[in-house]
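Please study the structure shown below, and then work through the exercises with their solutions.

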Amino acid sequence: MENKVIYTENLTKKFGDFTAVDHISFSVNKSEVFGFLGANGAGKTTAMRMLCGLSHPTSGKGTVAGFDIFKQSEDVKKNIGYMSQKFSLYEDLKVWENLRLFGGIYGMKTKEIAEKTDRILHELGFEKERGTLVKSLPLGWKQKLSFSVSIFHEPKIVFLDEPTGGVDPVTRRQFWELIYDATDRGITVFVTTHYMDEAEYCDRVSIMVDGKIEALDSPKNLKNQYRTQNMYDVFYQIARKATRVEI
Amino acid sequence: MNEFLSFIKKEFYHIFRDQRTILILLVMPVVQIILFGFAITTEVKNTQVALFDPSKDVATQYIKDKFQASEYFTIVEELTTPNQINEVFKYGKVGLVIVFSEDFADNLLHTGEAAIQLITDGTEPNQASMLTGYASGILSLYQQELMEQYHAPFQIVSEIRMLYNPQLKSAYNFVPGVMGMVLILICAMMTSIAIVREKEMGTMEVLLSSPLKPIYIILAKAVPYFSLSIFNLATILLLAVFVFNVPVAGNLFWLILLSLLFIFLALSLGLLISTLVDSQLAAMLISGMALMMPIMLLSGLVFPIESMPEILQWISAIVPARWYIEAVKKLMIQGVEVRYVTKEFLILAVMAVGLMLISLKNFKTRLN
């Protein structure tokens, strides 16, 4: 239990008659990269929103960073980072202003923010862009910065909702290096993606179909189980069972 | 608290980095005041007058002098036949034609009755009725003078006085109107756009997944527009007092308090709009159509409420700006004590609290 930073049991979300997330039970270990896959409309985003405290579950149990997602959503929010599918930085703020804003929102001290800003800009090689407006950065840079912002306050877990949409393979590779750096520091990464090469980078992946988790294992085991060479075939075999129309 | 402050700082950056918007926000009230004050003035000044005077006697000459002396009229033409009357209107320069009856002075002194005709261009009814109003004013003054000269000393003389706005200055009327419009537009429209923009950009999700309380997000959005509105309020009042010589006859404290209440109401309205729509464009359209139009048409800014059909009068009762404008007129121009605007204060307060509650409730349910 100590080691499980995310733990759910029969977590369910209904919208009227429609069951978006149907009794899912899984757990995520500390410092692991957990891939959360599923076709569009399978219920990934809804499940993730429940874990982030953005949406209230209908039934079931769930803890994130040791806090109950039903009763302690405030504590959950303090201990997680979130990078949304859409772009999560402010385009009309400068790079350092974005960092300061999110540091401030998470209650970091001014001095701490200043030190951390210097360090992160150095690590990313963005020192020259410190005073640049975010809107004039290339997309790949924005996404790297966006990730750095989401773990700026050193959360226990970071949720990434399709973080690498629309960027080239080289930048995606660099992005994943940032993710591994974060797990080395003990941050757990929960990531949704549509890129199967990225699924291979995960320690474990779950595949959701019609609101349920159909498969959950390491990419290697899944490939053995479904007797294929790559994750794409695994995903295709599982996801085509879906009966639900995309919403 | 620190969390809240860094968020407010960000909101100010948004506003000040968007130079076009900030320019519009700060310049709009000034432009509106000046437009209404100088261009769209409903005041009558130096209207060109034509005369047809078959009598040409002492009395008509005296009346002509009176008209010429008035700042509202300038006599430009003496007609020789009544047929010319239509002609002068067709040229469009003359706003009023005065026709005296024959033997004007004789009739006046001997029978006590003399006829005079005031002809105006009815295609502009407001202008026309204002012109005849001024002209009758001049004529009745003359009548009074005659009565004083020739009749018994106990004659009761009726005196015409335009209460509150003796020169019928239109500035007195439009200043409260522009205040109502500018405040509602800036607070409601800009707040709703600012909140919806976060939804559209996807940053709202990130904010909501942070420990920042939703109520702080809303408050932080409101603070910059609240301060901008106060700045605009000051601009309008200063322009009104120093450029258009509209006095603040009542208590400035209550006027400002009333305006703050109205600003709060407008912010709640903006919040409500932001919970109803998902795009900035929709927010702008709703604010534009659902707020601008009723304010222009139903608040008494352009058309007096008393002269509307009854059904429209009822509808105008739900336009918050109507009550604000009425209260400002009373407080600022008539200079009444605050107890005479209790009704307006109460209505605005109830509307503001009601809107705020509805929109907060809406905001919360939308999150789930």
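The exercises that follow concern a predicted model.

**Exercise 1.** Determine which elements of chain A supply the side that touches chain B.

*Solution.* Begin with the contacts: 25 residues of chain A are in contact with 20 residues of chain B. Next, assign the residues on the chain A side to elements. Helix H2 (73-78), strand E6 (80-83) and helix H3 (95-105) of chain A each supply at least two residues. Of these, H3(A) gives the most, with 5 residues. Finally, sort this side of chain A by class: 10 residues are nonpolar, 8 polar and 7 charged.

**Exercise 2.** Establish how helix H5 (residues 139-150) of chain A is placed: is H5(A) largely enclosed or not?

*Solution.* First, consider its span. H5(A) has 12 residues and reaches 16 Å from its first C-alpha to its last, close to the 16 Å expected. Second, apply the criterion that a residue is buried if 20 or more other C-beta atoms lie within 10 Å of its own. By this criterion 10 of the 12 residues are buried, so H5(A) is largely enclosed by the rest of the structure. Among them are Trp141(A), Leu145(A) and Phe147(A). Third, identify the cover, which includes E6, H3, helix H4 (110-124), strand E7 (157-161) and helix H6 (169-184) of chain A.

**Exercise 3.** Describe the open sheet of chain B and the helices lying across its strands.

*Solution.* The strand order is E2-E1-E3-E4, with mixed pairing. Strand E2 (73-79) and strand E4 (116-120) of chain B each have a single partner strand, so one side of each is left without a neighbour in the sheet. Strand E1 (residues 47-52) of chain B pairs with E2(B) in the parallel sense over 6 bridges. Helix H3 (residues 58-69) of chain B runs at about 140 degrees to E2(B), and helix H4 (residues 84-91) of chain B at about 165 degrees to E3(B).

Definitions and conventions:
Residues numbered from 1 in each chain as written. Chains lettered and ligands numbered in written order. Predicted model: local features only at pLDDT ≥ 70, side-chain atom pairs only at ≥ 80, totals over all residues. Contact = placed C-beta atoms within 7 Å. Helix = DSSP H or I, 4+ residues; strand = E, 2+ residues; numbered from the N terminus. Nonpolar A, V, L, I, M, F, W, Y, C, P; charged D, E, K, R; others polar. Expected span 1.5 Å × (residues − 1). Pairing = 2+ DSSP bridges. Axes fitted to C-alpha atoms, helices over the stretch in contact; angles between N-to-C directions.
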